[in-house]
Amino acid sequence: MKYLVLFALVLLTIAVNDNQTKQKSIEEQHPSLFRALKNMALLQEQSQQLDYSRLINAINDLESEITQNKEDENTSFNKDFLSNNADQEFYENQITQYQVEVAQHEVDLADLTEARNTLQSLLNDAIKEQQDVTLLRNQLDQQMKTDAANTAAQLQEYDDSAAAIDEALNMLTSLKNADSLVQVNDKLKTHLSKQKVFFQPLIVALAEIAQSNFANQELISKVTKLLNQLRTSLLESRLQLVVSSQGLETMNKELLATYDSKLNVLSTVVLPDFRENIEIKDAEIKAKSNLLNDARSNLQDSQDNLKATQDAWIVRANLNSKLIQQYDNDLSLIQQVKQSFDRAGIKQ
């Protein structure tokens, strides 16, 4: 309603000033308003004693209201300015806080990932070591079985050789003809073929005995001595084999026990510890990743809120500018109306 009154005042001002140019413009653009203006002018001509007090009071009230609205808008604008600044500062502080959190979470996540990768590398090394030790352990166990079988076979050869020598010695004590000599020769040849260093002299000695028609007791005695020496040598070699095989077996058993102990530690302590620590790191990485994602989300929200607050302030500032301009225009127009009254001789 106040703007209708204000517009009427504008028309009244135009009528009082009798501005033909403006009348023509209004007549062309708003013929109905022009007729109202013309009627008001005729009314003024008919009576110079028309009471304008109510209209003047309405104008003054309107001016006061517009002035108060302008002051209220400025007051509200200043409050909004302070509130918006506080909101922007709040979101800027949040952004700084979340940026610090994001950076710290990223560093922590990198450290956790590096630690997890180190544990995985150590686990892989331990698994490789377990495989290598298992291979060595199995190879050693197989070698021990092979060595035991070879030693048993060698001991049996020594025992068989000693038995053959004993039998040959018994046969030499009752040599009577060439057939019995051949039996001794074959016996020794069968069981002492690996003892060439002793066997060859025996063959020579036995051949000489046959040529002397078994009468050379010296040769028989020589063969008997050689057989006894061979038997002693075989027993000594057998004893050395037993001692060396036992020493090797003891050493291999100790090494095998070392391998078994190492495998036991790897399978019951080392590997489970690495796997458990990796699971812990995986859980920590998952939790830290969630915190990082939350911080990034909070950071984005704060940035969006800050942008929205800044945009809202631009809208509010533009609105204030338009309102103040409108109020100033209205007040200026009222002043023009008052000046028109003064020129028309209408007391205010």
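Q: Which residues form one aromatic cluster with Trp313?
A: Start with the rule. Rings of Phe, Tyr and Trp (its six-membered ring) pair if their centres lie within 6.5 Å; planes under 30 degrees apart are stacked, over 60 edge-to-face, and the rest tilted. Here Phe77 and Phe81 join Trp313 in one cluster. The model is predicted: local features need pLDDT of at least 70, side-chain atom pairs count only at pLDDT 80 or more, and totals for chains, interfaces and linings use all residues. Residues are numbered from 1 along each chain as its sequence is written, and side-chain values use heavy atoms, with hydrogens and water left out.

Q: How many aromatic pairs does this rule give?
A: The count is three. One of them joins Phe90 and Tyr91, edge-to-face, at 5.4 Å centre to centre with 65° between the planes.

Q: Are Phe90 and Tyr91 buried or exposed?
A: Read the relative accessible area: under 20% is buried, over 50% exposed, and in between partly exposed (1.4 Å probe, protein chains only). Phe90 is partly exposed, at 46%. Tyr91 is buried, at 19%. Across the protein, buried residues make up 29% of the 348 residues.

Q: What helices and strands does the protein have?
A: Both are DSSP runs, numbered from the N terminus: helices are H or I, at least four residues, and strands are E, at least two. This protein has seven helices and zero strands.

Q: Where does UniProt place the coiled-coil region?
A: UniProt positions follow the numbering used here, and annotations may be inferred rather than shown by experiment. The unreviewed entry gives residues 52-132 and 285-312. In the model, residues 285-312 are 100% helix, with end C-alpha atoms 40 Å apart.

Q: Which residues make up the largest nonpolar core?
A: In soluble globular proteins, nonpolar side chains tend to be buried together. A nonpolar core is a set of buried Ala, Val, Leu, Ile, Met, Phe, Trp, Tyr and Cys residues joined through side-chain atoms within 4.5 Å. The largest has 12 residues, including Tyr52, Ile56, Ile66, Tyr327 and Phe341. Helix 4 (53-172) and helix 7 (217-344) each supply at least two of its residues. Helix 7 gives the most, six.

Q: What does Tyr327 touch?
A: Contact means heavy atoms within 4.5 Å. Leaving out residues up to four places away in sequence, Tyr327 touches Ile66, Asn69, Lys70 and Glu73. Among contacts in the protein between residues at least 6 apart in sequence, 82% join residues at least 24 apart.
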